[in-house]
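Good morning, everyone. Please have the sequence and the 3D view open. I will walk through the fold, one region at a time.

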Amino acid sequence: IPEDPVAEVPVVEAPAAETPAEEPANETPQAQFMLPASGRVGEILRDYDGGYYSNHYRAAAVDILNSEGTAIYAAASGTVTLSSWYGGYGKCVIIDHGNGVSTLYGHFSSVDVVEGQTVTQGQRIGGMGSTGSSTANHVHFEVRVNDEAQPIGNYFNISTGDYV
């Protein structure tokens, strides 16, 4: 049986895809930071504490509770600018992430990093403890912009009592 001739299909070029104008990447805060430890979310908001404003004022910090020595990790990559006793924070670490952004971690039982050290996101920076003004083993965590703690809800969708 003779085969039907196959008609040649004309080649149609697809229109060039339009490339959108380059815009700065808007990373969500959740993509920029990770929570520094696992455990139960303790206090987020406490405006007033025994006649003094708390460091949880404006819900600008979170406490994550767990056993002494539980690993604390860098929430983002950066350079350690403080690794020492820091008042009520006890043994404390501050990491500078650039552009005026830093993270503060307080109440360590042990610290694994030194000032000037570069750390990567997720790197262990120490062990959870209860040093300084503290009543239980936990890490006090703040995200700071120009040295001012920001509402933690801007970065994480967490509530007191959550397990993270």
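**Starting at H97**

Let's begin with one residue, H97. Leaving out residues up to four places away in sequence, H97 touches F33, A76, S77, G78, S102 and T103. Keep in mind that this is a predicted model. Where does H97 sit? H97 is found in strand β7. One of its neighbours deserves a second look. The side chains of H97 and T103 are joined by a polar contact of 2.7 Å.

**The overall picture**

Now step back. The protein has 164 residues, and buried residues make up 37% of them. What does the secondary structure come to? One helix and 13 strands. The order is simple to remember. From the N terminus, the helix comes at the start, and the strands follow it.

Next, contacts along the chain. Take the contacts with a separation of 6 or more. Of these, 63% are between residues 24 or more positions apart.

**The core**

Let's go inside. How many residues does the largest nonpolar core have? It has 27. The residues with the most contacts inside this core are V62, V93, I95, Y105, I125, F141 and F156. Which elements give two or more residues to it? They are β4, residues 62-65; β7, residues 91-98; β11, residues 124-128; and β12, residues 138-145. The largest share, three residues, comes from β12.

Pick V93 from that list. Again, set aside residues up to four places away in sequence. V93 then touches V80, L82, S83, T103, L104, Y105, F108, V111, V113 and I125. Apart from the largest core lies another core, of five residues. Among its members are L82, Y89, C92 and L104.

**Aromatic pairs**

On to the rings. A search of the whole structure finds four aromatic pairs. Y86 and Y89 form one that is stacked. The ring centres are 5.6 Å apart, and the planes differ by 10°. Are these two tyrosines buried or exposed? Y89 has a relative accessible area of 13%, so it counts as buried. Y86 has 35%, so it is partly exposed.

There is also an aromatic cluster. Its members are Y105, F141 and F156. You have heard these three names before: each is listed with the most contacts inside the largest core.

**Strands and sheets**

A reminder before we look at pairing. Strands of a sheet pair through backbone hydrogen bonds, either parallel or antiparallel.

Find the open sheet of three strands. Its order is β5-β11-β9, and the pairing is antiparallel. Which strands are at the edges? β5, residues 71-73, and β9, residues 108-111; each pairs on one side only. From one strand to the next, the twist averages 35°. Look at β5 and β11 more closely. Three bridges join β5 to β11. In one place, A71 stands opposite G127 in β11.

Now β6, residues 78-85. Six bridges join β6 to β7, and the two strands run antiparallel. Here S84 stands opposite C92 in β7. These strands form a hairpin, with five residues between them. In the turn, G87 has a positive phi of about 55°.

β6 also meets β10, residues 118-119. Two bridges join β6 and β10, which run antiparallel. For T79, the bridge partner in β10 is T118.

**Two unusual loop residues**

Last stop: backbone angles. Most residues other than glycine have a negative phi, and most peptide bonds are trans. Two residues here are worth finding.

The first stop is N99. N99 is not a glycine, yet its phi is positive, at about 55°. N99 is found in the loop between β7 and β8, residues 101-106. Is N99 buried or exposed? Its relative accessibility is 81%, so N99 counts as exposed.

Then comes D147. D147 is not a glycine either, and its phi is positive, at about 65°. Where is D147? D147 lies in the loop between β12 and β13, residues 148-149. D147 has a relative accessible area of 63%, which means that it is exposed.

**To close**

Turn back to β7 on your screens. β7 carries H97. β7 gives two or more residues to the largest core. And β7 forms a hairpin with β6. That's my tour. Thank you.

How values were computed. Residues are numbered from 1 along each chain as its sequence is written. This is a predicted model: local features need pLDDT of at least 70, side-chain atom pairs count only at pLDDT 80 or more; totals for chains, interfaces and linings use all residues. Side-chain values use heavy atoms; hydrogens and water are left out. A nonpolar core is a set of buried Ala, Val, Leu, Ile, Met, Phe, Trp, Tyr and Cys residues joined through side-chain atoms within 4.5 Å. Buried means under 20% relative accessible area, exposed over 50%, partly exposed in between (1.4 Å probe, protein chains only). Helices (H or I, at least four residues) and strands (E, at least two) are DSSP runs, numbered from the N terminus. Contact means heavy atoms within 4.5 Å. A polar contact is a pair of N or O atoms within 3.5 Å; within protein, one must be able to donate a hydrogen and the other to accept it, and residues adjacent in sequence count only if both atoms are side-chain atoms. Two strands pair if DSSP finds at least two bridges between them. Axes are lines fitted to C-alpha atoms, for helices over the stretch in contact, and angles run from 0 to 180 degrees between N-to-C directions. Rings of Phe, Tyr and Trp (its six-membered ring) pair if their centres lie within 6.5 Å; planes under 30 degrees apart count as stacked, over 60 as edge-to-face and the rest as tilted.
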